[in-house]
Amino acid sequence: MVCLRDKTSFASMAFTLYTLIQTAILCTNAIAVLHEERFLSKIGWGVDQGVGGFGDDPGVKAQILNLIRSVRTVMRVPLIIVNSACIILLLLFG
């Protein structure tokens with residue numbers, strides 16, 4: 001005999017497209033919140049870190065810092081809109 005409780009607990013832990021989108025939004029929010037002077041400079045990833053010479057390929061550290069800066073610059077307004085939509089969806093549909 002199969003217990004009915006097992007099926008409902010499995011259904012509540014389903015991996016859906018909404019949870020995948022929500023995870024991406026949370027990770028993007030985490031990147032956007034990082035502050036260079038308060039957090040990144042304490043771990044050695046400040047503004048002046050990762051600057052290479054002319055013609056040098058940027059290292060992994062410089063590329064990650066560039067990604068963090070670009071996410072904060074480009075994704076500021078879209079994140080506000082997407083976060084507001086997620087909050088409204090959660091309020092309406094639980």
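Analyst: A helix here is a DSSP run of H or I with at least four residues, and a strand is a run of E with at least two. The model is predicted.

User: Which residues does UniProt list as "transmembrane region", and how much helix does the chain have over residues 15–34?

Analyst: The unreviewed UniProt entry lists residues 15–34 and 73–93 under that name. Residues 15–34 are 85% helix and 0% strand, with end C-alpha atoms 28 Å apart. For residues 73–93 the values are 95% helix and 0% strand, and the end C-alpha atoms lie 31 Å apart.

User: How far does helix α5 reach from its first C-alpha to its last?

Analyst: Helix α5 covers residues 76–93, 18 residues, and reaches 26 Å, close to the 26 Å expected at 1.5 Å a residue. Just after α5, Gly 94 has a positive phi of about 75 degrees.

User: How should the packing of two helices be described, and at what angle do α2 and α4 cross?

Analyst: Two packed helices are described by the angle and the distance between their axes. The axes of α2 (residues 17–33) and α4 (residues 60–74) come within 8 Å and cross at roughly 100 degrees. The two helices are therefore roughly perpendicular to each other. Thr 28, Ile 31 and Ala 32 of α2 make the contact with Ile 68, Val 71 and Arg 72 of α4. By class, this contact has four nonpolar residues, one polar and one charged.

User: Is Asn 29 buried or exposed?

Analyst: Buried means under 20% relative accessible area. Asn 29, in helix α2, has 19% and is therefore buried. Beyond its neighbours within four places in sequence, Asn 29 is in contact with Leu 79 and Asn 83.

Note on methods:
Residues numbered from 1 in each chain as written. Predicted model: local features only at pLDDT ≥ 70, side-chain atom pairs only at ≥ 80, totals over all residues. Heavy atoms only, no water. Axes fitted to C-alpha atoms, helices over the stretch in contact; angles between N-to-C directions. Parallel < 35°, antiparallel > 145°, perpendicular 65-115°, else oblique. Contact = heavy atoms within 4.5 Å. Nonpolar A, V, L, I, M, F, W, Y, C, P; charged D, E, K, R; others polar. Expected span 1.5 Å × (residues − 1). UniProt positions renumbered as here; feature names shortened; annotations may be inferred. Buried < 20%, exposed > 50% of the residue type's maximum accessible area, 1.4 Å probe, protein only.
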